[in-house]
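These exercises go through one protein model. Each task is followed by a worked solution, taken step by step.

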Amino acid sequence: MTFWRSDATARFSASAAAYAATMAPALRPVAAEVVRRAALQPAERVLDLGTGTGTAAGMARGEGRSVTGLDGAAGMLEIARGEVPDATFVDGDFGAVPFDDGTFDVAIACHSLLFAADRVAVLGEWLRVTRPGGRLSLSVPGPWEATMGPIMDPIYASYGLATARDYPDRADLSSWAEAAGWRSVSTAADPTIAIHLADEATYHLWLTTGSRGTATAGWPEERVAAFKAATLAATPRQADGSLSVPFGALYLTAERT
């Protein structure tokens with residue numbers, strides 16, 4: 001069984017509350033950096049693709065900007081609408097964006113691109129809805145060496161689970177964007193990004209989000225408990241006892257010429 005991204009929309013919708021309590025706070029620094037790199041100007045129209053619970057969309061507000069968040073996970077959007085009531089949230093596929101060509105000045109995306117089966121095609125769709133002269137700012141987790149993969153893979157393998165191992169490096173990310181038609185592409189990396197979880201209870205709640213919540217479906221209770229204990233024991237801890245799951249972040253900015 002592959003332990004990662006297939007059928008992500010339904011799983012994230014079902015685990016939206018757990019995501020909001022664990023992943024969303026951990027990704028706030030990443031969302032802030034994506035928005036900072038977007039260099040937003042007053043009155044711009046901003047599209048947050050794969051908005052989730054609306055963290056980046058909320059940060060993009062201000063100075064008369066119009067902010068729209070797009071996501072296919074209804075449970076996530078329900079939370080986003082409550083958290084960011086002055087943005088517009090649309091239920092839809094970020095690979096088939098339900099807007100006309102050139103609708104937005106800026107496209108942003110925080111850790112959502114890797115959920116696309118065809119990253120070049122999706123980046124081309126994001127280009128389509130961005131006006132000529134418009135901009136893109138996004139992040140993805142990675143590269144592989146900066147994620148939890150090297151730590152957790154031996155444990156997953158011992159339980160018959162495999163990860164997709166499709167985290168990009170900066171060259172991959174640039175090549176996808178350029179193949180999609182984006183220009184003035186620039187990338188950066190921050191390998192220090194991690195998912196910080198306050199305690200073991202929060203860690204176990206995090207394990208219910210996305211693919212983590214279904215990877216052990218159908219297992220005997222004792223096997224699930226042993227798997228969770230093994231991953232918990234391998235997860236790095238900070239001096240105060242909180243947990244820090246390595247995740248990494250790659251950033252890309254680009255323009256539509």
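**Exercise 1.** Which residues of helix H9 (residues 170–180) are buried? Work on the predicted model shown above, and then describe the surroundings of helix H9.

Solution.
Step 1. Buried is taken as under 20% relative accessible area. In helix H9, this picks out Leu173, Ser174, Trp176, Ala177 and Ala180.
Step 2. Around the axis, these residues span an arc of only 160°, and therefore they lie on the same side of H9. The spacing fits a general rule: an α-helix has 3.6 residues a turn, so residues three or four places apart point the same way.
Step 3. On the face turned away from the buried side, H9 carries Ala171 and Ala179, which are exposed.
Step 4. The cover over the buried residues of H9 includes helix H7 (119–128) and the strands E5 (130–140), E6 (183–190) and E9 (249–255).

**Exercise 2.** Describe what is found at the start of H9 and what follows H9.

Solution.
Step 1. At the start, aspartate 169 places a side-chain oxygen within 3.1 Å of the backbone nitrogen of alanine 171.
Step 2. After H9 comes glycine 181, and its phi is positive, near 110°.

**Exercise 3.** Is arginine 119 buried or exposed? Find the backbone oxygens that its side chain reaches.

Solution.
Step 1. Arginine 119 belongs to helix H7.
Step 2. Its relative accessible area is 11%, so arginine 119 is buried; the cut-off is under 20%.
Step 3. The side chain of arginine 119 comes to 2.9 Å from the backbone oxygen of leucine 114. It also reaches the backbone oxygen of alanine 116, at 2.6 Å.

**Exercise 4.** Which elements do the buried residues of H6 pack against?

Solution.
Step 1. Helix H6 covers residues 74–83, and its buried residues are Gly75, Met76, Leu77 and Ala80.
Step 2. Two helices, H1 (8–14) and H2 (16–21), and two strands, E2 (66–71) and E3 (88–91), pack against these buried residues.

**Exercise 5.** How many residues does the largest nonpolar core have? Then follow one of its residues, isoleucine 195, to the residues it touches.

Solution.
Step 1. The largest nonpolar core has 51 residues, and those with the most contacts inside it are Ile108, Ile195, Tyr203 and Trp206.
Step 2. Helix H4 (residues 28–38) supplies the largest share of this core, with 5 residues.
Step 3. Leaving out residues up to four places away in sequence, isoleucine 195 touches Met23, Ala26, Trp206, Leu243, Ser244, Val245 and Phe247.
Step 4. Another core, of 29 residues, lies apart from this one; Leu47, Val129, Trp144 and Ala180 are among its members.

**Exercise 6.** What is the volume of the largest pocket, and which element gives the most to its lining? Do likewise for the space and lining of the second largest cavity.

Solution.
Step 1. The volume of the largest pocket is about 690 Å³.
Step 2. Its lining has 37 residues, with Phe12, Gly50, His111, Ser112 and Phe115 nearest the centre.
Step 3. Two or more lining residues come from each of H1, helix H3 (23–26), H4, helix H5 (55–60) and E2. H1 gives the most, with 4 residues.
Step 4. The second largest cavity holds about 50 Å³ of space. It is lined by 10 residues, and Tyr156, Tyr203, Trp206, Leu207 and Thr231 are the closest to its centre.
Step 5. Helix H8 (149–158), helix H10 (200–206) and helix H11 (221–234) each give two or more residues to this lining.

Key. Residues are numbered from 1 along each chain as its sequence is written. This is a predicted model: local features need pLDDT of at least 70, side-chain atom pairs count only at pLDDT 80 or more; totals for chains, interfaces and linings use all residues. Side-chain values use heavy atoms; hydrogens and water are left out. Buried means under 20% relative accessible area, exposed over 50%, partly exposed in between (1.4 Å probe, protein chains only). Contact means heavy atoms within 4.5 Å. The arc is that of the directions from the helix axis to the C-beta atoms. A polar contact is a pair of N or O atoms within 3.5 Å; within protein, one must be able to donate a hydrogen and the other to accept it, and residues adjacent in sequence count only if both atoms are side-chain atoms. A nonpolar core is a set of buried Ala, Val, Leu, Ile, Met, Phe, Trp, Tyr and Cys residues joined through side-chain atoms within 4.5 Å. On a 1 Å grid over the protein atoms alone, a cavity is a set of points where a 1.4 Å probe fits but cannot get out, and a pocket is an open set with protein on both sides within 12 Å along at least five of seven lines; lining residues have an atom within 4 Å of a point. Grid points are joined across faces, edges and corners, and a volume is the space filled by probe spheres set on the points.
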